[in-house]
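Hi there,

Here is the structure I promised to pass on to you. Have a look at it first, and then read on for what turned up.

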Amino acid sequence: MEQGTLLDEALGSLHLSGRVVLLEDCVETSAAFVLHHILKRSLSQPPHSSNVVVFVAFAHPFSHYDRILRRLGCNLVVQRDNNRFFFFDVLVDCPDGEEGKNSDDGLVALYGKIQKTISALPQENKNCITVMIDDISLMEVAAKGSTNLVLDFLHYCHTLVSEFGCSLVMLNHDDIYSDTVRPSLILQMEYLADILIRAEPLATGLASDVHGQLTVLNRGKERSRNKLSNFQFKVKENSVEYFYPGSRT
């Protein structure tokens with residue numbers, strides 16, 4: 001297995017079917033590389049060549065992810081042409097104001113498209129479906145700041161986990177909320193999450209050879225055995241190095 005073994009070990013099973021993964025990061029330390037890692041992993045796991053990813057993009061266009069994944073050895077254009085990668089660009093499909101009077105309509109219509117896409121898949125492709133959302137905070141912007149609309153949408157997506165055995169992977173920026181009390185949106189997402197991954201800067205400050213640390217809480221499929229992992233990382237151009245604290249000099 002290529003570099004990333006510590007992250008894969010922390011995630012557990014190679015196939016995250018039926019599980020909810022929440023990524024949390026901050027301005028100083030982005031967790032986008034974890035999203036890219038799970039995306040590549042979801043599309044390139046043998047022998048399950050029927051894996052499908054439904055990607056809901058609020059932050060970046062298709063070209064952004066295609067460029068990054070190509071550097072990691074995964075061609076999203078080929079995956080899209082083979083009906084294994086479905087990309088919903090919210091900024092293009094539902095630009096601000098186009099849905100008109102009600103931002104609720106936009107998210108409901110978006111969920112309808114996701115559900116329709118999954119329902120239309122051949123039966124053999126319904127065994128390993130991953131739904132990915134690249135920026136919950138921008139979804140809140142698209143919903144005109146309505147936390148309730150975002151929660152409704154996420155609960156709709158969560159029904160896909162039970163209905164089709166999908167995995168649901170979401171990225172949120174934890175430090176954009178200035179309130180001292182953690183917003184109900186974050187608390188409810190953390191409650192839904194089977195695996196919580198938090199990217200944070202080093203407590204000792206910036207370092208040239210270490211870009212931050214990951215804390216992974218894996219609650220297990222029965223939520224009876226929590227596994228906590230903590231390790232550091234360095235993001236390179238075509239890969240990411242993972243290592244335990246103190247293991248590098």
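L192 is a good place to begin: in this predicted model, its relative accessible area is 14%, so it counts as buried. You will find L192 in helix α9. Try looking for V20 as well: L192 and V20 are 172 residues apart in sequence, yet their C-alpha atoms are 6.8 Å apart in space.

L192 has company in its helix. Helix α9 covers residues 184–192, and its buried residues are L185, I186, M189, E190 and L192. Where do the buried residues sit when you look down the axis of α9? They fall within an arc of 160 degrees, so they line one face of the helix. A general point helps here: an α-helix has 3.6 residues a turn, so residues three or four places apart point the same way. As for what lies over the buried residues of α9, the cover includes the strands β1 (20–25), β5 (167–173) and β6 (195–200), along with the helices α7 (136–142) and α8 (147–164).

Now compare helix α2. Eleven of its twelve residues are buried, so α2 is largely enclosed by the rest of the structure. The buried ones are F33, V34, L35, H36, H37, I38, L39, K40, R41, S42 and L43. From first C-alpha to last, α2 reaches 17 Å, which is close to the 16 Å expected at 1.5 Å a residue.

One residue to click on in α2 is H36. Its relative accessibility is 10%, so H36 counts as buried. Leaving out residues up to four places away in sequence, H36 touches Y65, I68, L69 and L72.

Next, the nonpolar cores. In soluble globular proteins, nonpolar side chains tend to be buried together. The largest nonpolar core here has 37 residues, and L23, F55, I197 and L214 touch the most other members. Which helix gives the most to this core? The answer is α2 (residues 32–43), with six residues. F55 is worth a closer look too. Not counting its neighbours within four places in sequence, F55 is in contact with L35, L39, Y65, F85, F86, F87, F88, M132 and D134. There is also a second, separate core of 36 residues, and I133, V150, L154 and L168 are among its members.

You may wonder about the cysteines. How many disulfides does a search of the whole structure find? Zero. Take C166 as an example: the closest cysteine sulfur to its own is in C157, 9.4 Å away, and that is too far for a bond, since a disulfide needs the two sulfur atoms within 2.5 Å. C166 has a relative accessibility of 1%, so it counts as buried. C26 is buried as well, at 15% relative accessibility.

Some loop residues deserve a visit before you close the viewer:

- N83 lies in the loop between α4 (76–81) and β3 (85–89). It has a positive phi of about 60 degrees although it is not a glycine. With 47% relative accessibility, N83 counts as partly exposed.
- K144 is in the loop between α7 and α8. Its phi is also positive, near 60 degrees, and K144 is a residue other than glycine. At 55% relative accessibility, K144 counts as exposed.
- Q123 sits in the loop between α6 (103–119) and β4 (129–133). Its relative accessible area is 55%, so Q123 is exposed. Q123 and S50 are 73 residues apart in sequence, and 9.8 Å separates their C-alpha atoms in space.

Finally, step back and take in the whole protein. It has nine helices and nine strands. Of its 249 residues, 50% are buried. Among contacts with a separation of 6 or more, 68% are between residues 24 or more positions apart. The accessible surface comes to about 12100 Å², and carbon and sulfur atoms account for 52% of that.

If you want a path through the model, start at L192 in α9, then go to H36 in α2, and finish at Q123 in its loop.

Happy exploring!

Technical notes
Residues numbered from 1 in each chain as written. Predicted model: local features only at pLDDT ≥ 70, side-chain atom pairs only at ≥ 80, totals over all residues. Heavy atoms only, no water. Core = buried A, V, L, I, M, F, W, Y, C linked by side-chain atoms within 4.5 Å. Buried < 20%, exposed > 50% of the residue type's maximum accessible area, 1.4 Å probe, protein only. Helix = DSSP H or I, 4+ residues; strand = E, 2+ residues; numbered from the N terminus. Contact = heavy atoms within 4.5 Å. Expected span 1.5 Å × (residues − 1). Arc of directions from axis to C-beta. Areas by Shrake-Rupley, 256 points an atom, 1.4 Å probe, with all protein chains shown as cover.
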